[in-house]
Amino acid sequence: MIRSKSGALAAAAVLAVVLSGAGANAADMTCTKDAPNPYRLDVGWAKMPEGRKLGSTSALGIGADGHVWAAERCGANTCVGSTLAPVMQ
């Protein structure tokens, strides 16, 4: 339920655009599958400490120094009963 006039106006505007077909049309879109890939695969970029494997990763961040910080689930899918730190650089 929309409780404000501005919210109702915004919803009406979105609905009008969708119904008018003014949104993206598949016929107007250009296929980019043949475009050059700006990314490169870097296998093994994550260097784990000796004897540790990467668990389920819940978050990644880039520090001001450019290092990658990872919050992962202690080499498994959970940290329950583990003594490993869940955040590492």
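Me: So a strand is a DSSP run of E, at least two residues long, and strands are numbered from the N terminus. Which strand does Leu60 lie in?

Reply: Leu60 lies in strand E1. Keep in mind as we go that this is a predicted model.

Me: Got it. How many helices and strands are there in the chain?

Reply: The chain has one helix and three strands. Start at the N terminus and the elements come in the order α-β-β-β.

Me: Now the sheet. How do the strands of a sheet pair?

Reply: The general idea is that backbone hydrogen bonds pair the strands of a sheet, and the pairing can be parallel or antiparallel. Here you have an open sheet of three strands, in the order E1-E2-E3, and the pairing is antiparallel. E1 and strand E3 (87–88) are the edge strands, each with a single partner strand, so one side of each has no neighbour in the sheet.

Me: Over how many bridges do E1 and E2 pair?

Reply: E1 and E2 pair over five bridges, in the antiparallel sense. You can follow some of them by residue. Ile62 stands opposite Val68 in E2, Leu60 has Ala70 in E2 as its bridge partner, and Thr57 has Glu72 in E2 as its bridge partner.

Me: And what do E1 and E2 form, with residues between them?

Reply: They form a hairpin, with five residues between the two strands. Look at Gly66 in the turn: its phi is positive, about 90 degrees.

Me: What about the other pair, then: over how many bridges do E2 and E3 pair?

Reply: Two bridges, again in the antiparallel sense. In one case to look up, Ala71 has Val87 in E3 as its bridge partner.

Me: Back to Leu60. Is it buried or exposed?

Reply: The cut-off for exposed is over 50% relative accessible area. Leu60 has 56%, so it counts as exposed. Setting aside residues up to four places away in sequence, Leu60 touches Val68, Trp69 and Ala70. You can also check a distance: the C-alpha atoms of Leu60 and Ala71 are 6.4 Å apart, although 11 residues separate the two along the chain.

Me: What share of the chain's residues count as buried?

Reply: Of its 89 residues, 8% count as buried.

Me: Next up, charges. When can side chains of opposite charge pair?

Reply: They can pair when their charged atoms come close. This structure holds two salt bridges.

In one, the side chains of Asp42 and Arg40 meet, at 3.8 Å from N to O. Asp42 is partly exposed, at 40% relative accessible area, while Arg40 counts as exposed at 69%.

In the other, Glu72 pairs with Arg52, and their closest N and O atoms are 2.2 Å apart. Glu72 lies in strand E2 (residues 68–72), while Arg52 lies in the loop between helix H1 (5–20) and strand E1 (57–62), so the pair ties together parts that are 20 residues apart in sequence.

Me: Are Glu72 and Arg52 buried or exposed?

Reply: Buried means under 20% relative accessible area. Glu72 has 1%, so it is buried. Arg52 has 17%, so it counts as buried too.

Me: What else does the side chain of Arg52 reach?

Reply: It reaches the backbone oxygen of Ala85, at 2.8 Å. If you leave aside its neighbours within four places in sequence, Arg52 is in contact with Glu72, Cys74, Gly75, Leu84, Ala85 and Met88.

Me: Contacts can link parts that are apart in sequence, I guess. What share of them join residues at least 24 apart?

Reply: Take the contacts between residues at least 6 apart in sequence: 11% of these join residues at least 24 apart.

Me: Last thing, pockets. How much space lies in the largest pocket?

Reply: About 270 Å³. It is lined by 13 residues, and the closest to its centre are Trp45, Ala46, Lys47, Val68 and Gln89. E1 and E2 are the elements that give two or more residues to the lining. You've already met Val68, opposite Ile62 in the hairpin strands.

Definitions and conventions
Residues are numbered from 1 along each chain as its sequence is written. This is a predicted model: local features need pLDDT of at least 70, side-chain atom pairs count only at pLDDT 80 or more; totals for chains, interfaces and linings use all residues. Side-chain values use heavy atoms; hydrogens and water are left out. A salt bridge is a side-chain nitrogen of Lys or Arg within 4 Å of a carboxyl oxygen of Asp or Glu. Buried means under 20% relative accessible area, exposed over 50%, partly exposed in between (1.4 Å probe, protein chains only). Helices (H or I, at least four residues) and strands (E, at least two) are DSSP runs, numbered from the N terminus. Two strands pair if DSSP finds at least two bridges between them. A polar contact is a pair of N or O atoms within 3.5 Å; within protein, one must be able to donate a hydrogen and the other to accept it, and residues adjacent in sequence count only if both atoms are side-chain atoms. Contact means heavy atoms within 4.5 Å. On a 1 Å grid over the protein atoms alone, a cavity is a set of points where a 1.4 Å probe fits but cannot get out, and a pocket is an open set with protein on both sides within 12 Å along at least five of seven lines; lining residues have an atom within 4 Å of a point. Grid points are joined across faces, edges and corners, and a volume is the space filled by probe spheres set on the points.
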